[in-house]
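Trainee: Could you take me through one part of this model slowly, as if I were seeing a protein chain up close for the first time? I would like to follow how one piece sits against its neighbours.

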Amino acid sequence: MQARQEKLPGVANIVAVSSAKGGVGKSTVAVNLAIALRDLGRKVGLADVDIYGPSAPIMLGVNEVPVPDAEQRMMNPVSAHGLQVMSMGFLLDENSPAVWRGPVVMSATKQFLRGVAWGELDYLVIDMPPGTGDVALTLAQEVPLDGGLIVTTPQDVALADVTRGAAMFRRLNTPVLGVVGNMAGYICPDCGERDDLFGSLSAEEISAALGAPLLAEIPIVEQLREHGDRGTPLTVAAPNHPVSQAFQRLAVAVEEALAESSAAAAGPEPTRILHDEQAGVVKIEWSDGRETSYTVSGLRGWCPCAQCQGHGGETSFVPVDNPELVACEGVGRYALRFSWADGHSTGMYSYSYLLEIAELPECKG
Ligand code: ADP
């Protein structure tokens, strides 16, 4: 596992909002999520590092430019709607061609995130550049991310996009908190009826593909764009709008998912995983000296994924005939993912879950 990078001083949690391509509403989600977290009473910053289309200044109606602090060592973020905001848009010349931006911005990134006097923040929301290529990866490697959100639209290609996004966060050792399905259907402004333009991306498909939940579905709503263009996000202008409420639920879900993954990170971690194929047993040695062991059939039957367990209700044992374990990999700092010979690999076994099921009769054998 990669060494932990130094945290941003004063910043408790960093959440990266990413998408496989531009125009899916990543910035809209980042901005409205930041406001919804603010509405939970949290101190929130927004770092807009989308070099290809920095939109925070417009979406938040910021006209001023950031200024350095008294010692000329750090830049002060700009305050807008109660958020501390820094955007590549403040630094980039609108006319500079996009091809220049990559190299220029890569060298400026460190200063961008670390050279800003963020102050004390509960959350820093990062509006990432679209894509999972080098630019996004380099940016994300500058600071340790506590969680990633993937924004997608429910077209056919979207599932492949989501999987690529999840793979990027895995490379960064960052837990994927979940997926936001944006532009999921159209709500008629006259009759209020909903029309699924592309057919909804199913929560089952998503959690089966990456073991992370669909945290919110945001329909196409004209006011969301209008308020964004006007510099007063919908969550500010109309907090009671159903879409604003969806963002508020998203903020709560993000907070819960972060708490869960940091609790997992605070507990013991596996230090060694041994698979005795002959005996059909997996042994895990933990950083606190504990040792747990599992029959392969017990491990498979207690697979926690939504495909095995469905949604809601108690987790139950789902037996599979002669399961064959083929691989095991770490996910972030909180879970292991097991792959099986029948192609099943969607179960993310959090460390706390692994410790819990070790006590169950099916795992003890
Ligand atoms: P990205 O950051 O992925 O490039 P943006 O957030 O800038 O995407 O959104 C692209 C455009 O789509 C913007 O004009 C935005 O206001 C609009 N938009 C985003 N989500 C929605 C939505 N759910 N309903 C209506 N318009 C939306």
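Mentor: Happy to! Let us begin with strand β14, which covers residues 335-340 and pairs with β15 in the antiparallel sense over three bridges. Keep in mind that we are looking at a predicted model. To find one place where the two strands face each other, look for Ala 335, which stands opposite Ser 350 in β15.

Now widen the view a little. The strands β13, β14 and β15, in that order, form an open sheet with antiparallel pairing. β13 (325-331) and β15 (348-350) are at the edges with a single partner strand each, so one side of each has no neighbour in the sheet. On average, neighbouring strands here are turned by 30° against each other, if direction is ignored. What holds such strands side by side? Strands of a sheet pair through backbone hydrogen bonds, and they can do this in a parallel or an antiparallel way.

Next, follow a residue that leads us from another sheet. Ile 273 sits in strand β10, which spans residues 270-276. Is Ile 273 buried or exposed? Its relative accessible area is 36%, so Ile 273 counts as partly exposed. Setting aside neighbours within four places in sequence, Ile 273 touches Val 282, Lys 283, Ile 284, Cys 328 and Leu 336. Compare those numbers with the strands you already know: β13 covers 325-331, and β14 covers residues 335-340. Try one distance as well: Ile 273 and Glu 285 are 12 residues apart in sequence, while their C-alpha atoms are 6.5 Å apart in space.

The home of Ile 273, strand β10, belongs to an open sheet of three strands in the order β10-β11-β12, again with antiparallel pairing. Its edge strands are β10 and β12 (291-295), each pairing on one side only. Neighbouring strands in this sheet are turned by 15° against each other on average, direction ignored. Between β10 and strand β11 (residues 281-286) there are six bridges, and the two run antiparallel. In one of these places, Asp 276 has Val 281 in β11 as its bridge partner.

For a contrast in direction, turn to β1 (residues 11-18) and β6, which run parallel and are joined by four bridges. Here Ala 16 has Gly 148 of β6 as its bridge partner. Strand β6 (residues 147-152) is mostly covered, with six of its six residues buried. Gly 147, Leu 149 and Val 151 point one way from β6, Gly 148, Ile 150 and Thr 152 point the other way, and all are buried.

Helices can be read in a similar spirit. Two packed helices are described by the angle between their axes and the distance between the axes. Helix α1 (residues 26-39) packs against helix α10 (residues 242-266) at about 75°, with the axes 8 Å apart. The two are therefore roughly perpendicular to each other. Where they meet, α1 brings residues including Val 29, Leu 33 and Leu 37, and α10 brings residues including Phe 247, Leu 250 and Val 254. The residues of this contact divide into eight nonpolar, three polar and one charged.

Finally, step back to the chain. It has 14 helices and 15 strands, and 49% of its 365 residues are buried. Of the contacts with a separation of 6 or more, 67% are between residues 24 or more positions apart.

Notes
Residues are numbered from 1 along each chain as its sequence is written. This is a predicted model: local features need pLDDT of at least 70, side-chain atom pairs count only at pLDDT 80 or more; totals for chains, interfaces and linings use all residues. Side-chain values use heavy atoms; hydrogens and water are left out. Two strands pair if DSSP finds at least two bridges between them. Axes are lines fitted to C-alpha atoms, for helices over the stretch in contact, and angles run from 0 to 180 degrees between N-to-C directions. Buried means under 20% relative accessible area, exposed over 50%, partly exposed in between (1.4 Å probe, protein chains only). Contact means heavy atoms within 4.5 Å. Angles under 35 degrees count as roughly parallel, over 145 as roughly antiparallel, 65 to 115 as roughly perpendicular and the rest as oblique. Ala, Val, Leu, Ile, Met, Phe, Trp, Tyr, Cys and Pro count as nonpolar, Asp, Glu, Lys and Arg as charged, and the others, Gly among them, as polar.
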